[in-house]
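I opened my notebook to see how the chains of this assembly sit against one another. Here is what I looked up, in the order I went.

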Protein chains: 4
Amino acid sequence: MTLLNMSKVEASTPAHRSDQVFTLAQQYQQIRQFTEELCEPLVTEDYIIQAMPDVSPTKWHIAHVSWFFETFLLRDYDPSYKLLNETYPYLFNSYYVSAGNRWTRANRGLLSRPTVADVYQYRRYVDEHMLNFLEKIDEDTAQEITPLMDIGFNHEQQHQELMLTDIKYNFSINPLYPVYRPYKTVKHGRIPTLGWVAYEAGVYHIGHHGDGFIFDNEAPRHRVFAERFQLSNRLITNGEFMEFIQDGGYEKTLLWLSMGWDAVQTNGWQAPLYWEKVDGTWYHYTLAGLRELDLDEPVTHVSYYEADAFARWAGARLPTEAEWEIAAQPLPIQGNFVDDRHYHPIPLNEPPTAFPAQMYGDVWEWTASHYSPYPGYEPAPGSIGEYNGKFMANQFVLRGGSCATMANHIRPTYRNFFPGHARWQFMGFRLAKAA
Amino acid sequence: MTLLNMSKVEASTPAHRSDQVFTLAQQYQQIRQFTEELCEPLVTEDYIIQAMPDVSPTKWHIAHVSWFFETFLLRDYDPSYKLLNETYPYLFNSYYVSAGNRWTRANRGLLSRPTVADVYQYRRYVDEHMLNFLEKIDEDTAQEITPLMDIGFNHEQQHQELMLTDIKYNFSINPLYPVYRPYKTVKHGRIPTLGWVAYEAGVYHIGHHGDGFIFDNEAPRHRVFAERFQLSNRLITNGEFMEFIQDGGYEKTLLWLSMGWDAVQTNGWQAPLYWEKVDGTWYHYTLAGLRELDLDEPVTHVSYYEADAFARWAGARLPTEAEWEIAAQPLPIQGNFVDDRHYHPIPLNEPPTAFPAQMYGDVWEWTASHYSPYPGYEPAPGSIGEYNGKFMANQFVLRGGSCATMANHIRPTYRNFFPGHARWQFMGFRLAKAA
Amino acid sequence: MTLLNMSKVEASTPAHRSDQVFTLAQQYQQIRQFTEELCEPLVTEDYIIQAMPDVSPTKWHIAHVSWFFETFLLRDYDPSYKLLNETYPYLFNSYYVSAGNRWTRANRGLLSRPTVADVYQYRRYVDEHMLNFLEKIDEDTAQEITPLMDIGFNHEQQHQELMLTDIKYNFSINPLYPVYRPYKTVKHGRIPTLGWVAYEAGVYHIGHHGDGFIFDNEAPRHRVFAERFQLSNRLITNGEFMEFIQDGGYEKTLLWLSMGWDAVQTNGWQAPLYWEKVDGTWYHYTLAGLRELDLDEPVTHVSYYEADAFARWAGARLPTEAEWEIAAQPLPIQGNFVDDRHYHPIPLNEPPTAFPAQMYGDVWEWTASHYSPYPGYEPAPGSIGEYNGKFMANQFVLRGGSCATMANHIRPTYRNFFPGHARWQFMGFRLAKAA
Amino acid sequence: MTLLNMSKVEASTPAHRSDQVFTLAQQYQQIRQFTEELCEPLVTEDYIIQAMPDVSPTKWHIAHVSWFFETFLLRDYDPSYKLLNETYPYLFNSYYVSAGNRWTRANRGLLSRPTVADVYQYRRYVDEHMLNFLEKIDEDTAQEITPLMDIGFNHEQQHQELMLTDIKYNFSINPLYPVYRPYKTVKHGRIPTLGWVAYEAGVYHIGHHGDGFIFDNEAPRHRVFAERFQLSNRLITNGEFMEFIQDGGYEKTLLWLSMGWDAVQTNGWQAPLYWEKVDGTWYHYTLAGLRELDLDEPVTHVSYYEADAFARWAGARLPTEAEWEIAAQPLPIQGNFVDDRHYHPIPLNEPPTAFPAQMYGDVWEWTASHYSPYPGYEPAPGSIGEYNGKFMANQFVLRGGSCATMANHIRPTYRNFFPGHARWQFMGFRLAKAA
């Protein structure tokens, strides 16, 4: 999660006011609409719950993304705007300290009011004011707000992904195993054997350049030196991870980082999150309900520690984020995204090429890199600057987007980040090794 | 909460089968209906939440009381009965270890499914089967099940009270201060000065005798010796408790039990639960929303420790449960019960008499007595015996019922019990002292 | 632990000043000397440690009992007295809030200084001033301080007992199993079968009367009504408790109080504290080191919950404290006390009589009574009043003294108390039942 | 803490057996002796305590370093060696999972036995066997064990540093403020103004090359690209940190990393560890007791989060570990080390030069780099490989050694690491910024 590179984006806005405003309004409507599409399978009760502190109720998500447009656009740029409810800023701020006090994160699931209907009314209210506002603004204002609108769009896309992973977690603990949307069958052949793609040592450029929206943590573009390395030509599968389990991977202390071993012991981990053994057969809970484990799918819902232990067991390591980005730079952005509405990683269905497959979509790929600022990193000024930089401690970078990410949201330079023990996102990995 | 005294109740059942069955069915419908009346002000979202581990979602309450009839009546006596859903016994058992595993109590608020509609369907299903069953049974069965039905009725009444106190707690943490039902004005004159009623030393009989339903912890009737004592002629009011606060009661360590002082420090208590000072004026959250504090109402939502500290400050003590029962025995069971639909204690509106006022209704009265078995106490056999006895450690007895109790649920021998730090029930107190 | 009944004791002091002072000085020296005798087997390191928050380092005990005489005698009555070290009152106060701030109890084991030698120097300093002071006082002062001296003596005796139980706990967790003092063999015949002694229903007097020192919680003497009851004629043995274990006592939920079952689950209890199974044989750690379990010894180091579960398993119950005191009143105070220097309960070695055996010494006997004030209870005024009353919540009464108690410290009216989960004192039990 | 680069070290061992063995024995004796010198100011009690889980009792340290030689040298290479005590390996293993079970780290302060005398006897026993063993070995064995001996030496030096910081922490919580060794006055002039030293962008070599002992995390030498940067020409002082405090640094959320702000709130941080304000004057606890704060000394005992917040406040950042190493490579290894026996950082006493001052000694310098493996990193095989790699998550790298480090222990490539919240080591920092 990150902050806009202001200068870049401003330079890239088109000259004709009406086009630009039209585009903003159109984008706004499309993105807001997709959020609501994701809610279609839910009943009122599903919007309320928060099954662990890391997840948020769907109700909160759909209010919070509206709060974002209200707070950073309407309240700052539309002098006629009035709050629908004076308590909502307190309830729907996430962590912007400079934007005022907020309701405790871990207690978001303790509020029955405002109701789901109230929250949809709030969305309508914000939408109406936003669209009126966009109709009325002049060219200069359009220029000025485009960076903020872009953040608002990307921010809502990030919450669309969280809505899916949070709903999944909330449903997963329920002994009734609710189905979010039914399984769509995917045909595929045999998964190709794991192979390696080699990259030469040298000075590479990393980080964003050129036009287009980015978060602030992707800049500035800078040079890194990479020693010669190889990347696995595809993601690790459930079948491969099963071998690790069957070889006693979860019992072999020496395979694990010290904090990873603590997590295994404390949480009793014996398999990825959502895996369940019933009468000798492995199942996993998915957004399509409890399904028998498909060994050909990329493994997902593993922590950094599990990915790292697997890599050590396999005689390899995880790639650094620089290595991943070097490999991703020449590749088209295509893969199993939320646009395809699988809501789950799918098996690889193409023969090996000279390039690594599955770099985008399916699962966020854990890298070996702690999340740190790039040389010359500058957070954006103001409240919106509290977006990325303040989380740069004790987290690992993930790359490439997942089956819950919008295709137009991801880039080769995009840096996602989570603590090493997190598992509820669609997290998987590929291997790396020295050449 | 307690267990049926079998022999007593069996002896008291009427001779004519049809009357008895008719009465059972009528009682069943009345009690079940009142549960649903209590839910009328709620929207779907309100049924789901659990704002602290001690409270349960309304959805859970209305399912659990149905589970009780399903488990102890239908499954044991109606051979044709089939479960509506195999998972419900697991989800809706409370703490009956011998009735099987159960969903963790503190996690009851994490489940969106079964939905509220599902749970009402479950109620209908159980109701239908119960009424069919009651229509078909013969006289012997009617005799046999009457004690169980009585427990079921009383059990549901207990949960009616918990529903109100749990909804109140759930609403109270919400910055929107939801109103359950609007305030009904109560007219009253000046509260009479606190006076004392004296009782002679001697051997008294305590505990239940005669016919009628009781919980097992009210038996057997036995003798106690009471030294001469006096009871205050009414409950302590908000106004009197305010004096305690203004005199620094919450800061004076020596007024407190050691565990009470710990609770004050740990929780930052400075007033009863739900009291709130806004711009120098005291308010309290009630089921009618946030209202200015009425100094004439009996104080409520205080812990045992606060009641005990107040008593010490006032140069008095709390009555023992035996003293309370001695005083209550000759009095009619009347007071501010849930039947009056105030959902809150009301000011005393009668002149002093030779007897203590407000013994029933308004607030459960903390006594100085730890909750222990009476001499010769026998828990009922079977699962239903897990009702009272196993809680006989580290709890205090409360007497007299509250504004959330049904009038026909309370008796002079009725023993309620809670840990000393509990505050979310309608708990208040009166004073006692040596003569 | 308790507070002096002032009026009683003052009335009982002898007429001749010199005798009285002589007695005070002699008692002082005897009691102070025994504290140091108990330390003889220790090396410096043993004085420092605190293996759990409930225990205190020996160093702290021997300083705290000196602080008691310094604070309540020397500082109040000897105007020439100067503190040896200004920090000691802060370090060695236990819980007397009104006597000033104090070092956190759980952190007593984190201080290397003052050293053991410093603390002995402090003892000498206090002793010297106390004896000088006692030499100089006039008759009136002697009269006035006798009650405080008596508390000081009894207080130090209580800490002598705690020193032994705390050293035992501290040693017990050490894989080297240190020996405090070697085992003294005890000869005995076959333990008599468990029998019962019956007592008639009626009004009894309970609590202290007559002369002599008591703690404030033993007064006032008052009347109770006891229904007919029976007491077991001896303590429960290790052998009997072993049957409970072998019958699956620790796995049968229905035998346990709810809080007891929680304690079993949380702590993984499967036997009394200090029991250890090595290669199929049961041992227990004692102050004489790790010894094979002697089935004839009274069982000890069980919690209230284990005693209560055993009683339920055996079809009986624990006695109330009133029942215990009724039985104890006619009996001589004799038994296995610390005066005998066994530091462990010993097998019963006498044939059954008309009276219950082992009422005194060996183990403190858990009673079914929560610890509550007697009717008319008054704590002593001033700091010293913080001794008993403030602990009257969520504790159970134990009676009769143990193998770590001084014979001249115990009485039929003596009320010890601990939370239901405590096990590190020498705690055991006998059974009761209705007649 | 790190593991030997085997190949490098083996290549560097001298040809003449007797010299090599003589050197090993001499080094052994010197290093073992310094450990004991550090203990000279301690009394027995000081060896026992553990005032927080991160620190260890001195007794444990001096036993553990002996266990290291016993386990990795004597037990593996001296067939005649017998354990002095079978329990010691269990008690004195630190975290080598592959070397067997071990006593819980947080409970090291709960053991009075083995006594301090026992532990010194154990040291003597190991020393005697080590020196006998070194006398008898042949040339091949000498070659083979030299890498292990080097680890043993460096390992003991690391524990010497920990002994000092742990004793400091243990003493610091004691209201008596014990003095470890008295203050040695240091004369110095005015501290030079903070200036900057610039470094060009380019590819640099980082990590160890050449002969000599290293830990495994310092290898392999590899290339990194550094953009142009500047380093402050000296450490930040107490005076400068005081300005940060006086400017409200601890209250300004936006200066802090999210985890840093949590730490400030949770722990109530308002100044570096050991700072204390008494009657308006700032003091800090040092190994020479409580001293008035010297504004010219380098600030120490700050967490990564405090260093990072200060840097942000100052408009700068912390250097990466690569930047630090680039700057350190040409500099001589000199500074305020434990060899000088100040046991505390001292004010800078030299005029500015073209190079940054105080790069070595005084305080470990926090870098902005999370602790991660170098490209091509290989942990050593066997138990000894559990030394560095398994800690490579959620820690930050510190560089340069401190006033508690031996001069011959430190190198430009040396990588120390601690979690961001740690403060009890001698931790300080310098600033960096883009050119």
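**Which chains touch**

I began with chain A and chain C, which do not touch: their nearest C-alpha atoms lie 15 Å apart. By contact I mean heavy atoms within 4.5 Å. Chain B and chain D do not touch either, with 15 Å between their nearest C-alpha atoms.

A note to myself on the ground rules: this is a predicted model, in which local features need pLDDT of at least 70 and side-chain atom pairs count only at pLDDT 80 or more, while totals for chains, interfaces and linings use all residues. Residues are numbered from 1 along each chain as its sequence is written, chains are lettered from A and ligands numbered from 1 in the order in which they are written, and side-chain values use heavy atoms, with hydrogens and water left out.

**Chain B against chain C**

I looked up how chain B is related to chain C. A rotation of 180° with 0.0 Å of shift along its axis lays chain B on chain C, at an RMSD of 0.0 Å. That is the relation of a two-fold axis. In chain B, N394(B) has the C-alpha nearest the axis, 2.2 Å from it. Both copies use the same surface, since 100% of the contact residues of chain B recur in chain C. For such superpositions, copies are fitted by least squares on the C-alpha atoms of residues with pLDDT of at least 70 in both.

How many residues does the contact take from each chain? I found 30 residues from chain B and 30 residues from chain C.

Next I wanted the area. The size of an interface is often given as the accessible area lost when the parts come together. Chain B and chain C bury about 2400 Å² between them, and 61% of that is on carbon and sulfur atoms. Buried area here is the accessible area (1.4 Å probe) that two parts lose on being put together, summed over both.

Then I went through the polar pairs. The rule finds two salt bridges across the interface of chain B and chain C; a salt bridge is a side-chain nitrogen of Lys or Arg within 4 Å of a carboxyl oxygen of Asp or Glu. I noted the salt bridge between the side chains of R223(B) and E227(C), at 2.9 Å from N to O. Eight residue pairs are in polar contact across this interface, both residues at pLDDT 80 or more. A polar contact is a pair of N or O atoms within 3.5 Å; within protein, one must be able to donate a hydrogen and the other to accept it, and residues adjacent in sequence count only if both atoms are side-chain atoms.

Which elements of chain B supply at least two residues each to the side that touches chain C? They are β3 (222-226), α8 (258-267) and β10 (364-370) of chain B. The largest share, four residues, comes from β3(B). Helices (H or I, at least four residues) and strands (E, at least two) are DSSP runs, numbered from the N terminus.

**Chain B against chain A**

I then turned to the other neighbour of chain B. A turn of 180° and a shift of 0.0 Å along the axis lay chain B on chain A with an RMSD of 0.0 Å. In chain B, the C-alpha nearest this axis belongs to E45(B), 3.1 Å from it. The copies meet through the same surface, because 100% of the interface residues of chain B are also interface residues in chain A.

This contact takes 30 residues from chain B and 30 residues from chain A. About 2400 Å² is buried between them, of which carbon and sulfur atoms give 67%. I found two salt bridges here, and R113(A) forms a salt bridge with D46(B), the closest N and O atoms being 2.6 Å apart. Eight residue pairs are in polar contact across the interface of chain B and chain A, both at pLDDT 80 or more. The elements of chain B that give two or more residues to this side are α4 (88-92), α5 (116-136) and α6 (139-172).

**A sheet in chain B**

Last, I followed β10(B) into its sheet. Four strands make an open sheet in the order β12-β11-β10-β13 (chain B), with mixed pairing. Two strands pair if DSSP finds at least two bridges between them. β10(B) and β13(B) run parallel and are joined by two bridges.
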